[in-house]
Amino acid sequence: MEEKRQRESYGLWTWIGLAVLTLAAMLIAVCVGSVSIPVGECLRVFRDALTGTEASDPGTASILLAVRLPRVLCVALSGAALSVCGAAMQGLLKNPLADGSTLGISSGASLGAALAIAFGFQLPQLPFSGSMILAALFAFGSLILILSLSYMLDSSFSTNTIILMGIVYSMFVSSILSLVVTFAPDKLKQITFWTMGSLEGSSYQNALVLFVMLAVCGTVLIRLAEELNAFAIGEENAMNVGVNVKRVRLVILVTVSLLIGTCVSIGGTIGFVGLVTPHIIRLLTGPNHRRLLPASMFGGAAFLTLADLAARTIARPLELPIGVVTSFVGAILFVLIYYKVGRTAR
Amino acid sequence: MKGKIWLIAVLIALVLLCTGCGKAPQAQSRTVTDMKGRDIVLNGDVMRVVALTAADCEILYAIGAGDALVGRGEYCDYPEAALSLPAVQSGAGTNIEQIIALTPQVVFMDTMAQGVEQIEALEAAGVRVVVSDAVDLEGVYESVSLIGTVMNREREATEVIDGMKQTFQDLSDKAAAHTDKPSVYFEISPLKDGLWTAGAGTFMDEAASLLGAKNVFGDVSGWAGISEEQVIQRNPGYIVTTTKYLGTGPTPEQEIAGRVGWEHLSAVKDGHILNLSDDSLTRPGPRLADGAKQLFHFLYGEK
């Protein structure tokens, strides 16, 4: 017991470090952007906003408060959500390749968004656009479909079956996406926007939705950390230590799909964050999910914030889709880390 | 293969003879050079054509050769008469068989996504391919003139070109009387789908500069995705959106005016937002002059 407490207090510095890193990334992302605003000017705008004083330069104030800040918040929250989902999936399915995208949840969600765009699905008098609603519904529906198909094939819900179904489903969805684009070629740009992912045009409302979902789903996942630890050793082990394997797995999968569906509905499919960050964080915290899950949230938030910063600034005044940056950086990081870890292990 | 070409040539000749029965048949062959620099030999009058691009389709109608159209690309939607023609796939999905089935003498297409193989296959089937791909106003005059030559309607083509030139000259002269240079932002794709604008080298940019206005994204080349922050910082006095209104929810103008953080833009404060969703300023055809007129009226408040 004493030893355990020691280990946990040792982790305190890791927490502080991660929190500082995340906040620093967010601060940089707010102060640096497509339009250059000096730090002093940034601080003045925030002071004015907090004290309720009339902004001296309404243009700069709009850029910071109405465009940049909500976007940075949404990016950080999406990064945190996608990473914690990735970490939970990897533990649950004991598969280092598990992630919202490999399980078909993200593709399902983007199909929903694409259909809404192609057929002009729109619910009037609703704060969310049609594409958002369909994305969330399809994320959930895809999960149900994948799970029931896996169950039909293999009633023990083996992880390999689920992963395989997810990959098959993703391919199926991508063919339907191409079909939708063929029939609505003028919507190609809009659909690409969704499949590449972007948090352009995020609002505080989006950030609030993400925050609530992350708080609820994140808590559920972290409370199941011990069960995830058992899963990570093996399904049989989990069963032996008294985990209700089927129930826990269902709860985790539903939670993850809800969270991913929300993310996709707001920012489109952003690849690689959920896959790469947990691996990097695992090097820091070790495989214990009680530490891995919260740490992945911070790591994902920092990673995606910096990736979005790059997407906004590299080609200014142009803007790149964030998925381009995350996949590019993520893939290189992934190979580098595995190469290094593999060498030291040998 | 050779025999087949002969057979097709004979068939075409027969068709020509029959269709040309009313008037004196023009047997002499002509050579025209298209905008890719290809020499095309035409025998006699051209009576059956297919236009794959919406712009070429509009040009054909503008020079009074609309009757010769036997098919159109799927996006040709102006004038209304064009909609009753059989539609064929165009662009990346161009389908040679569909075109050959319409037995045209000439098909007008642009170079975008048209492979050399497609052109060769059409030529092998006896269909003459004329390429027109205007990227600027001069190019549009050239394609009108080219299509006029192919259709034996040089006089009408010249009238269309002179009319367009006159319109642009008038607008440009009237604009010169205004000393203030309005700044304008063209929005091709709305915020929810990622902002895209028309930069240098687009018809919108060219029209703006002819009308003495400044495209706020004139430093960007072609069509490009841009940051929302940049629009706010560049603070345009006028906004032109090409988003089509689908009939529900806020109109594109209302949607722009209602964006958070955009309320301080001069264009939003003054209500200077125009929805120009009739393709007139994006399509390299005769209606560019109409689009320019609408833009002028929007920028200066006079006809």
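In which sense do β4(B) and strand β5 (residues 87-88) of chain B pair, and over how many bridges? Select both strands to find out: they pair in the parallel sense, and 2 bridges link them. Before you go on, please keep in mind that this is a predicted model.

**Stop 1: around β4 of chain B**

Stay with the pair for a moment and pick out Arg72(B), which stands opposite Ala87(B) in β5(B). Now select the whole of β4(B), residues 69-73. Is this strand mostly covered or mostly open? It is mostly covered, with 4 of its 5 residues buried.

β4(B) has another partner to visit. Select strand β3 of chain B, residues 49-51, which pairs with β4(B) in the parallel sense over 3 bridges. To see one matching position, highlight Val50(B) and, opposite it in β4(B), Gly71(B). Then trace the chain from β3(B) to β4(B): the path runs through helix α2 of chain B, residues 54-62, and makes a right-handed β-α-β crossover. While you look at strands, here is a general point: side chains in a regular strand alternate between the two faces of the sheet.

**Stop 2: chain B as a whole**

Zoom out and select chain B, all 303 residues of it. Coloured by secondary structure, chain B shows 11 helices and 13 strands. Buried residues make up 41% of the chain. Among contacts in chain B with a separation of 6 or more, 58% join residues 24 or more positions apart.

**Stop 3: where the two chains touch**

Next, show chain A and chain B together. Here 26 residues of chain A are in contact with 23 residues of chain B. On the chain A side, select α3 (58-92) and α7 (188-196), each of which supplies at least two of the touching residues. Which element gives the largest share of that side? The answer is α3(A), with 7 residues. By type, the chain A side divides into 9 nonpolar, 11 polar and 6 charged residues.

**Stop 4: Val264 of chain A**

For the last stop, select helix α11 of chain A, residues 245-267, and find Val264(A) within it. Why does Val264(A) count as buried? Because 32 C-beta neighbours lie inside 10 Å of Val264(A), where 20 or more are enough for a residue to be called buried.

Now show its contacts beyond the neighbours within four places in sequence: Ser106(A), Ala109(A), Ser110(A), Ala135(A), Ala139(A) and Thr269(A). Finally, draw a distance from Val264(A) to Gly86(A): these residues are 178 residues apart along the chain, and their C-alpha atoms are separated by 14 Å.

Conventions: Residues are numbered from 1 along each chain as its sequence is written. Chains are lettered from A and ligands numbered from 1 in the order in which they are written. This is a predicted model: local features need pLDDT of at least 70, side-chain atom pairs count only at pLDDT 80 or more; totals for chains, interfaces and linings use all residues. A residue is buried if 20 or more other C-beta atoms lie within 10 Å of its own, exposed if 12 or fewer, and partly exposed in between; C-beta atoms are placed from the backbone. Two strands pair if DSSP finds at least two bridges between them. A crossover is right-handed if, with the strands pointing away from the viewer, the path from the first strand over the helix to the second runs clockwise. Two residues are in contact if their C-beta atoms, placed from the backbone, lie within 7 Å. Ala, Val, Leu, Ile, Met, Phe, Trp, Tyr, Cys and Pro count as nonpolar, Asp, Glu, Lys and Arg as charged, and the others, Gly among them, as polar.
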